[in-house]
Amino acid sequence: NGCGSKYLYASLKARYLNANIANAVKKINNSIYIVMGKGEPGCIDTISEYKSQNCAIETTILPKTKRVPHLESPSRFINIIKIFLS
């Protein structure tokens with residue numbers, strides 16, 4: 001809501017950006033769908049790590065995108081979301 005990066009410094013100092021979420025991911029019982037850009041370094045490793053924590057996680061890798069696939073290829077991203085939500 002327009003806060004921009006005003007909480008970034010506090011999050012860095014409190015180490016919230018380095019929180020290990022592995023235990024939480026193991027316990028999640030809801031649907032989890034990860035969409036990653038193929039050009040993002042380590043995307044396969046990241047997906048493998050999440051799936052090792054919870055095998056119910058579903059994933060898609062969008063070609064010709066990197067860190068923000070929802071902005072780099074919005075139409076393909078929306079199509080993926082529509083399939084997942086139907």
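A residue is called buried when its relative accessible area is under 20%, and Thr 65, with a relative accessible area of 2%, is therefore buried. The structure described here is a predicted model, in which the protein chain has five helices and two strands. Thr 65 is found in the loop between S2 and H4, and that loop, together with the salt bridge that Arg 67 forms with Glu 40, recurs through the points below.

**Overall architecture**

- Read from the N terminus on, the elements of the protein chain follow the order α-α-β-α-β-α-α, made up of five helices and two strands.
- The protein chain has a radius of gyration of 15 Å, whereas a compact globule of 86 residues would have a value near 12 Å.
- Taken along the principal axes, the box filled by the C-alpha atoms of the protein chain is roughly 40 × 30 × 25 Å.
- Of the 86 residues of the protein chain, 21% count as buried, and the accessible surface comes to about 6,800 Å², with 55% of that surface belonging to carbon and sulfur atoms.
- Among contacts between residues at least 6 apart in sequence, 60% join residues that are at least 24 apart.

**The loop between S2 and H4**

- Thr 65, which is buried at a relative accessible area of 2%, touches Met 36, Gly 37, Lys 38, Gly 39, Glu 40, Glu 72, Ser 73 and Arg 76, when residues up to four places away in sequence are not counted.
- Lys 64 is also placed in the loop between S2 and H4, but its relative accessibility of 79% means that Lys 64 counts as exposed.
- The phi angle of Lys 64 is near 60°, which is a positive value in a residue other than glycine.

**The salt bridge**

- The count of salt bridges comes to one, and this pair consists of the side chains of Arg 67 and Glu 40, which meet at 2.8 Å, N to O.
- Because Arg 67 lies in the loop between strand S2 (58-62) and helix H4 (69-72), while Glu 40 lies in the loop between strand S1 (33-37) and H3, the pair ties together parts that are 27 residues apart in sequence.
- With a relative accessible area of 63%, Arg 67 is exposed, whereas Glu 40, at 14% relative accessibility, counts as buried.
- Glu 40 is also one of the residues that Thr 65 touches.

**Cysteines and helix H3**

- Cys 43 is found in helix H3, which covers residues 43-53, and its relative accessible area of 4% makes Cys 43 buried.
- Leaving aside residues up to four places away in sequence, Cys 43 touches Met 36, Gly 37, Lys 38 and Ile 61; Met 36, Gly 37 and Lys 38 are likewise among the residues that Thr 65 touches.
- Cys 43 and Pro 69 are 26 residues apart along the chain, and their C-alpha atoms are separated by 12 Å.
- Cys 55, in contrast to the buried Cys 43, counts as exposed at 70% relative accessibility.
- A disulfide is a covalent bond between the sulfur atoms of two cysteines. The count of disulfides in this model comes to zero.

**The N-terminal helices and their loop**

- Leu 8 lies in helix H1, which covers residues 8-13, and Leu 8 counts as partly exposed because its relative accessibility is 42%.
- Together, Leu 8, Leu 12 and Leu 17 make a nonpolar surface patch of about 280 Å².
- Arg 15 has its place in the loop between H1 and helix H2 (22-27), where, at 56% relative accessibility, Arg 15 counts as exposed.
- The phi angle of Arg 15 is near 60°, a positive value in a residue other than glycine, as is the case for Lys 64.

**Helix H4**

- Leu 71 has its place in helix H4, and at 61% relative accessibility this leucine counts as exposed.
- Measuring from C-alpha to C-alpha in the model, Leu 71 and Gly 37 are 11 Å apart in space, although 34 residues separate them in sequence.

Note on methods. Residues are numbered from 1 along each chain as its sequence is written. This is a predicted model: local features need pLDDT of at least 70, side-chain atom pairs count only at pLDDT 80 or more; totals for chains, interfaces and linings use all residues. Side-chain values use heavy atoms; hydrogens and water are left out. Patches are made of residues with over 30% relative accessible area and no salt bridge: like charges are joined within 9 Å, nonpolar side chains (Val, Leu, Ile, Met, Phe, Trp, Tyr) within 5 Å. Accessible areas come from the Shrake-Rupley method with a 1.4 Å probe; for residues, only the protein chains shown count as cover. A salt bridge is a side-chain nitrogen of Lys or Arg within 4 Å of a carboxyl oxygen of Asp or Glu. Helices (H or I, at least four residues) and strands (E, at least two) are DSSP runs, numbered from the N terminus. Buried means under 20% relative accessible area, exposed over 50%, partly exposed in between (1.4 Å probe, protein chains only). The radius of gyration is taken over C-alpha atoms; the globule rule is 2.2 Å times the number of residues to the power 0.38. Contact means heavy atoms within 4.5 Å. A disulfide is a pair of cysteine sulfur atoms within 2.5 Å.
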